[in-house]
Amino acid sequence: MQDTLAPLYEYCEKHTTLPDPLLHQVERATHLQTLAPRMLSGHLQGSLLSIISKMVSPQHILEIGTFTGYSAIALAQGLSAHGKLTTIEYNPEHAAIAERFFHQSAYAAQIDLLVGDAKSILADMNESFDLVFIDADKEAYAQYFDLIIDKCTTGAIIIVDNVLWSGKVIHAIKDKKTQIIHAFNQKIAADPRVENVILPIRDGITLIRKR
Ligand SMILES: C[S@@+](CC[C@H](N)C(=O)[O-])C[C@H]1O[C@@H](n2cnc3c(N)ncnc32)[C@H](O)[C@@H]1O
């Protein structure tokens, strides 16, 4: 899907506000220092996250899947004056890169990076969130949603990445991972506690609003 739409994405990026120079540095370091730089949100998606966060002006953002910190810094740009962002990363090497950039950002004092498995960290967390970004292991998406929905305030926005899984969700025969993502999409669309819209941006992003 991304390949056939590549020229349109190039056009969109070219006509989208340039990201903060620090995000350029995060992107560069990610390409030089990690094995899967494709996981990074990047310019277009990062700008979308930043604008959504600025619209919500959140008190407490939760991010599941920090990687090298690109999306966390983009989301932090919308934090309210005394707001904070909690981001969870399983891989200590990714977390170390992210931590370095958080320190260099304007949001150093507002970002809390937790290193470990998000499932166990979230199960023990007693805080509320008004903006959530789910972008870690796809197999656990439904579990993450179940773990956070009661911690979300009314009107909270939950953003979920990779919900179209390279377009494979519409294939007649779906591999295991695609089946899991398809089941997640069905679960969200059927949940009366929320309303949602799937945006065919990049690998597919769902915006979910808690009623
Ligand atoms: C797609 S990347 C996140 C990209 C990042 N949000 C961005 O947009 O730049 C997914 C990250 O989730 C992490 N991850 C995978 N399973 C996890 C888990 N169970 N708990 C916490 N983090 C996990 C991976 O190590 C990886 O760094």
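In this predicted model, seven strands form an open sheet: the 7 strands follow the order β3-β2-β1-β4-β5-β7-β6, and their pairing is mixed. At the two edges of the sheet stand β3, covering residues 111–115, and β6, covering residues 194–199, each of which pairs on one side only. From one strand to the next, the twist averages 15 degrees. In general, the strands of a sheet pair through backbone hydrogen bonds, and they do so either parallel or antiparallel.

**Strand pairs and the helix on the sheet**

- The edge strand β6 and strand β7, which spans residues 205–210, run antiparallel and are joined by 6 bridges.
- Within this pair, Asn196 has Ile208 of β7 as its bridge partner, while Glu195 stands opposite Arg209, which also belongs to β7.
- The hairpin that β6 and β7 make has 5 residues between the strands, and in this hairpin Arg202 takes a positive phi near 55 degrees.
- Strand β7 also pairs with β5, residues 152–161, in the antiparallel sense, and here the two strands share 5 bridges; in this pairing Val160 has Thr206 of β7 as its bridge partner.
- Helix α5, made of residues 92–104, packs on the sheet and touches β2 and β3, and its direction makes about 165 degrees with that of β3.
- Ala96 is found in helix α5, and this residue is classed as partly exposed because 14 other C-beta atoms lie within 10 Å.
- Between Ala96 and Leu44 there are 24 Å in space, taken from C-alpha to C-alpha, and the two residues are 52 residues apart in sequence.

**The nonpolar core**

- The largest nonpolar core has 49 residues, and the members with the most contacts inside this core are Val132, Ile134 and Ile158.
- If residues up to four places away in sequence are not counted, Ile134 touches Ile64, Tyr141, Tyr144, Ile158 and Val160; of these, Val160 is also the residue whose bridge partner in β7 is Thr206.
- As a general tendency in soluble globular proteins, nonpolar side chains are buried together.

**The surroundings of the ligand**

- There are 18 residues around the ligand, and those that come nearest are Ser41, Gly65, Phe67, Ser71 and Tyr90.
- Two or more residues of this shell are given by each of the elements α4 (70–76), β2 (84–89) and α6 (118–123).
- In terms of residue class, the shell around the ligand divides into 8 nonpolar, 5 polar and 5 charged residues.

**Loop residues**

- Ser57 has its place in the loop between α3, residues 42–56, and β1, residues 60–64, and its phi is near 50 degrees, a positive value in a residue other than glycine.
- Because 13 other C-beta atoms lie within 10 Å of Ser57, this residue counts as partly exposed.
- Trp165 lies in the loop between β5 and α8, the latter covering residues 176–190, and phi of Trp165 is near 45 degrees, again a positive value in a residue other than glycine.
- Trp165 counts as buried because it has 23 C-beta neighbours inside 10 Å.
- Gly78 is placed in the loop between α4 and β2, and this glycine is buried, since 20 other C-beta atoms lie within 10 Å, where the cut-off for a buried residue is 20 or more.
- With residues up to four places away in sequence left out, Gly78 touches Ser50, Ser53, Lys54, Val56, Ser57 and Pro58; one of these, Ser57, is the residue described above in the loop between α3 and β1.
- Gly78 and Ala29 are 49 residues apart in sequence, and from C-alpha to C-alpha they are 24 Å apart in space.

How values were computed
Residues are numbered from 1 along each chain as its sequence is written. This is a predicted model: local features need pLDDT of at least 70, side-chain atom pairs count only at pLDDT 80 or more; totals for chains, interfaces and linings use all residues. A residue is near a molecule or strand if its C-beta atom, placed from the backbone, lies within 6 Å of it. Helices (H or I, at least four residues) and strands (E, at least two) are DSSP runs, numbered from the N terminus. Ala, Val, Leu, Ile, Met, Phe, Trp, Tyr, Cys and Pro count as nonpolar, Asp, Glu, Lys and Arg as charged, and the others, Gly among them, as polar. Two strands pair if DSSP finds at least two bridges between them. Axes are lines fitted to C-alpha atoms, for helices over the stretch in contact, and angles run from 0 to 180 degrees between N-to-C directions. Two residues are in contact if their C-beta atoms, placed from the backbone, lie within 7 Å. A nonpolar core is a set of buried Ala, Val, Leu, Ile, Met, Phe, Trp, Tyr and Cys residues joined through C-beta atoms within 7 Å. A residue is buried if 20 or more other C-beta atoms lie within 10 Å of its own, exposed if 12 or fewer, and partly exposed in between; C-beta atoms are placed from the backbone.
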